[in-house]
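User: Hello! I am new to this structure and would like a close look at its salt bridges, with a word on confidence beforehand.

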Amino acid sequence: MSEFWLISAPGDKENLQALERMNTVTSKSHLSYNTKFTIPDFKVGTLDSLVGLSDELGKVDIFAESLIKRMAQSVVEVMEDAKGKVQENLLANGADLTSFVTHFEWDMAKYPAKQPLVSIADTLAKQLAQIETDLKSRMAAYNALKTNLENLEKKSTGNLFTRTLSDIVSKEDFVLDSEYLITLLVIVPKPSYVQWQKTYESLSDMVVPRSTKLIAEDNECGLFTVTLFRKVIDDFKTKAKENKFTVREFYYDEKEIKREREEMTRLLSDKKQQYQTSCVALKKGSSTFPDHQVKVTPLGNPDRPAAGQNDRERESEGEGEGPLLRWLKVNFSEAFIAWIHVKALRVFVESVLRYGLPVNFQAVLLQPHKKSSTKRLREVLNSVFRHLDEVAAASILDASVEIPGLQLSNQDYFPYVYFHIDLGLLD
């Protein structure tokens, strides 16, 4: 599953034993995989500041989750021709998202723990806000490019009445540079081809005999040329309309046709380059990612390997990517890392507010094995930690006791600090 539960309980002997009981029960019942979630010792500050910070971090948490989901969807848009590879491009510090979360380590370089909590939260909020500003700007430019390209593509795929003719006609189809003669393009319904051939020469005076030629067709009509004297253009158009033939307004301009073709080629190239090109490589030694690998001390599986890559490995892998995809990957990682740091801050603040001073609690990350086990997992947690809130627990049925016909919901009951992390960013 791409779902995690981040909880904390007081760090005294009784609650550490409760954590071990929880780990034993969830492991034996295959309910979840559990790891310790290490959080630094922060400067607590005043109780009033923690209460205000709790509200602010809640807003930043929601904003960060929304941002990374939008960035994931942007990666899908840019990789429209390779959607099967999207997930492997959504990484955090070079590791897949699950590995990063289960091997989380606070980044002391970016967010020094000695700073006041308010300052750390402000740094995270400003970082996320800047990423969102840049995302809006870059995706607006990309979408404008896509819109321009789509408009040109529509012109080249519509019917003969609306589509561009630059890719249909050629110089040889027209009488050019004549003071007296001009070639017109006429759209004729397919059932009227015979009528056109019989009547076009007599629709007006001064129509050049045998000057018509079919140069293109769609499902309903054909595009014919006809050459006549310039001074009878208006008369010819009127008579053609009376016979349900449509003169298409088009005058052959070699420079304009070349410009239109080059514009289509340029837009196609620009759009493709946003996804994959060899230009705009990240500079070596970039400070975007810190050069470190994450570590973890798991509760349930001490031999589980850590995951991580350094900057040089990530840069060499990304040298063939376009600037927009490159930016999205780098800043998705940054935003995701910031989001998990926000979660860690929230656990710390809420644990201090709930369990009091001195600071002493243990945070644990649980990954439910499957969706169907979440209800049972919730019951186990509430049973193990019900002593943390006896008043609330008194109204909730103990998970170990079954009374036929009695069903109580404990979906919203948390005697412990609890936060949810959903990595289903593309759902």
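What is the mean pLDDT of the protein chain, and what share of its residues reach 70 or more? After that, please take me through the salt bridges.

Analyst: Happy to help! This is a predicted model, and the mean pLDDT of its protein chain is 83, with 82% of the residues at 70 or more. Over residues 277-319, however, the pLDDT is below 50, although this stretch has 85 contacts in the model beyond near neighbours in sequence. Residues 391-410 also stay under 50. Where pLDDT is low, the predicted coordinates should not be read in detail.

Now to the salt bridges, of which the structure holds twelve. One of them pairs Glu334 with Lys110, whose closest N and O atoms are 2.6 Å apart. Glu334 belongs to helix α9 and Lys110 to the loop between α3 and α4, so this pair ties together parts that are 224 residues apart in sequence. Glu334 is buried, at 8% relative accessible area, while Lys110 is partly exposed, at 26%.

Another salt bridge joins Lys126 and Asp122, at 3.2 Å from N to O. These two sit four residues apart in helix α4, so about one helical turn separates them. Lys126 is exposed, with a relative accessible area of 55%, and Asp122 is partly exposed, with 36%.

In helix α10, Arg376 and Glu379 are three residues apart, about one turn of the helix. Their salt bridge has its closest N and O atoms 3.6 Å apart. Arg376 counts as partly exposed at 37% relative accessibility, and Glu379 is partly exposed at 22%. Finally, Asp61, Lys343 and Arg346 are joined into one network by salt bridges that share partners.

Conventions:
Residues numbered from 1 in each chain as written. Predicted model: local features only at pLDDT ≥ 70, side-chain atom pairs only at ≥ 80, totals over all residues. Heavy atoms only, no water. pLDDT = per-residue confidence, 0-100. Contact = heavy atoms within 4.5 Å. Salt bridge = Lys/Arg side-chain N within 4 Å of Asp/Glu carboxyl O. Buried < 20%, exposed > 50% of the residue type's maximum accessible area, 1.4 Å probe, protein only.
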